[in-house]
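Please open the model in a viewer and keep the selection tool at hand. The tour below proceeds stop by stop, naming what to select and what is found there.

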Amino acid sequence: MMSITYRLPQVRNLVTAFPGPKSAELATRRKAAIAAGVASSLPVYAADADGGVILDVDGNSLVDLGSGIAVTTVGASNPGVVAAVQEAVTHFTHTCFMIAPYEGYVAVAEKLIEHTPGDHAKKVALFNSGAEAVENAVKIARIATKRQAIVVFDHAYHGRTNLTMAMTAKVMPYKQGFGPFAGEVYRVPMSYPYRDPEGLTGAEAAARALLLVEKQVGAENVAAVVIEPILGEGGFVVPAEGFLPALSAWCTANGAVFIADEIQSGFARTGAWFACDHEGVVPDLMTVAKGLAGGMPLSGVVGRAELMDASHASGLGGTYGGNPVACAASVAAFEAVEELRLLERARHIEGLIRQELGDLVGAGVVGELRGRGAMMALEFVKPGTSEPNPDAAKAVAGACLAEGVLILTCGTFGNIVRLLPPLVIGDDLLTDALGVLKKEILAAG
Ligand SMILES: *Cc1c(COP(=O)(O)O)cnc(C)c1O
């Protein structure tokens, strides 16, 4: 096992008022130049990042429990990824795979085929963003089935393009005022164990959803059922055991394509290569992005060869899709997961989080601690109830930030604090950050 090397000191250290003078100056320039609709969680500007820290332009060192939304899984400047990018750019930055193809694209496809669930024949297409991968998975499912209806779930997040806005559940901030939305998208209930009636099994929750599909959409019209095996923006909800296998079996029985959107839950994040692996679910198609290329923009659709081959030539593609520099980074990121044994590391991080925060559940504002691997969340409620408590989540995240710990919130009700540390974060730094979080949760009641 290779050991993790860090370029930057792995410490939490605030050296200026927050934000410092250089960040304040950048905030003024930003206000004049950047569209108001593009918001940031942090009031400070990044100058460097490595391992578990982000260094701001004033020299403040923050602990990163967000990984740029589950992207810098192997670190924000993983040495292998950096070297691969440097090597790639000395040759070419772009040729366009649709014009002059290159090996890196093929190598990433082979890695995805190797590491995704199922040993059937698979093929791959690469794109740039997660939303673009979801759009293309839908295109592939529709042309392969010659059907149109797309089934999605409550609390789902699939992106910000027109089709993926339609597939995303939450109106504010993702959809408000941006319609009209794409048609033939149908939403059914998710399995949400903390909020479902007590004792509802995964199979029962699947039956609840599929009855609606059969009565309101018609099984013979369904091109695809699209689901995040663990909800991302929707609140890190892990569906009840049996829910995903029941949906997958229904798709097989009814000629629909089962699409797992593993953009947030995939690529080692949950302690397995993909979250589907935890229940042995083999999706027909899978979308991947976020952690896939160590921070470089890259996404893909991987799945059954006969589905992936359903499109006519040139039906799929895009100018930048599978950019050579991003592909080189991705191959290095796959290697880093193996060399640094990051699947094990993700499971170790889950253990640490459960050990440090487990005793907060039930008392005060924490209703549930859930997740898998390094994709963990706390659901905040009003004490003694299960009523969502977004104010507490926001207050805790804000207080942590003021102490140099970057924590993100999410969830339909905005009441989830999510923990997505880079898998290369050290135990000492993570324990320090969790200590700050615990202190602030106790202070919140
Ligand atoms: C982030 C995300 C997307 C969208 O990815 P972008 O790269 O932001 O377009 C889609 N699905 C899931 C599950 C995500 O977490």
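What covers the buried residues of α10? Before turning to the answer, the reader should note that this is a predicted model.

**First stop: helix α10**

Select residues 324-339, which form helix α10. The elements covering its buried residues include α3 (79-91), α4 (103-115), β4 (122-127) and α11. The helix is mostly covered, with 12 of its 16 residues buried. Among these buried residues are Pro324, Val325, Cys327, Val331, Phe334 and Val337. A distance between the end C-alpha atoms of α10 gives 23 Å, in agreement with the 22 Å that its 16 residues should span at 1.5 Å a residue.

**Second stop: the nonpolar cores**

Next, select Leu419 and Leu437. These two residues have the most contacts inside the largest nonpolar core, a set of 96 residues. Helix α10 gives the most to this core, contributing 10 residues. Both domain 1 (21-64 + 341-443) and domain 2 (82-339) supply residues to the core, so it lies between them. A general tendency may be recalled here: in soluble globular proteins, nonpolar side chains tend to be buried together.

Which residues does Leu437 touch, leaving aside those up to four places away in sequence? They are Leu357, Leu378, Val396, Cys400, Ile407 and Leu419.

**Third stop: strand β12 and its partners**

Leu378, one of the contacts of Leu437, points from β12. Select this strand, residues 375-380; 6 of its 6 residues are buried. In a regular strand the side chains alternate between the two faces of the sheet. In β12, Met375, Ala377 and Glu379 point one way, while Met376, Leu378 and Phe380 point the other way.

Add strand β11 (residues 366-372) to the selection. β11 and β12 pair in the antiparallel sense over 6 bridges, and Gly371 has Met376 of β12 as its bridge partner. The two strands form a hairpin with 2 residues between them, and Gly373 in the turn has a positive phi of about 60°.

Then add strand β15 (residues 416-419), which runs antiparallel to β12 and is joined to it by 4 bridges. Which residue of β15 does Glu379 stand opposite? The residue is Ile416.

**Fourth stop: salt bridges**

The structure holds 15 salt bridges. Begin with Arg7 and Asp48, whose closest N and O atoms are 3.0 Å apart. This pair links distant parts of the chain: Arg7 is in the segment before α1 (21-33), and Asp48, 41 residues apart from it, is in strand β1 (residues 46-50). Asp48 counts as partly exposed because its relative accessibility is 25%.

Move to Arg304 and Asp284, a salt bridge in which the closest N and O atoms are 2.7 Å apart. Arg304 lies in strand β10 (residues 299-304) and Asp284 in the loop between β8 (257-261) and β9 (285-288), so the pair ties together parts 20 residues apart in sequence. Is Asp284 buried or exposed? With a relative accessible area of 10%, Asp284 is buried, whereas Arg304, at 22% relative accessibility, counts as partly exposed. The cut-off that separates these two classes is 20% relative accessible area.

Now select Arg354 and Glu350, whose side chains meet in a salt bridge of 2.9 Å, N to O. Both residues lie in helix α11 (residues 342-357), 4 residues apart, which is about one turn of the helix. Arg354 is partly exposed, with a relative accessible area of 34%. Finally, select Arg195, Glu368, Arg370 and Glu379, which are joined into one network by salt bridges that share partners.

**Last stop: Leu62**

Select Leu62, placed in strand β3 (residues 61-64). Leu62 counts as buried because its relative accessibility is 1%. Not counting residues up to four places away in sequence, Leu62 touches Leu14, Phe18, Leu42, Val44, Gly52, Val53, Ile54 and Gly404. Add Leu406 to the selection: the C-alpha atoms of Leu62 and Leu406 are separated by 6.6 Å, although these residues are 344 residues apart along the chain.

Methods:
Residues are numbered from 1 along each chain as its sequence is written. This is a predicted model: local features need pLDDT of at least 70, side-chain atom pairs count only at pLDDT 80 or more; totals for chains, interfaces and linings use all residues. Side-chain values use heavy atoms; hydrogens and water are left out. Buried means under 20% relative accessible area, exposed over 50%, partly exposed in between (1.4 Å probe, protein chains only). Two strands pair if DSSP finds at least two bridges between them. A nonpolar core is a set of buried Ala, Val, Leu, Ile, Met, Phe, Trp, Tyr and Cys residues joined through side-chain atoms within 4.5 Å. Domain bounds come from an automatic or database domain assignment. Contact means heavy atoms within 4.5 Å. A salt bridge is a side-chain nitrogen of Lys or Arg within 4 Å of a carboxyl oxygen of Asp or Glu. The expected span of a helix is 1.5 Å times one less than its number of residues.
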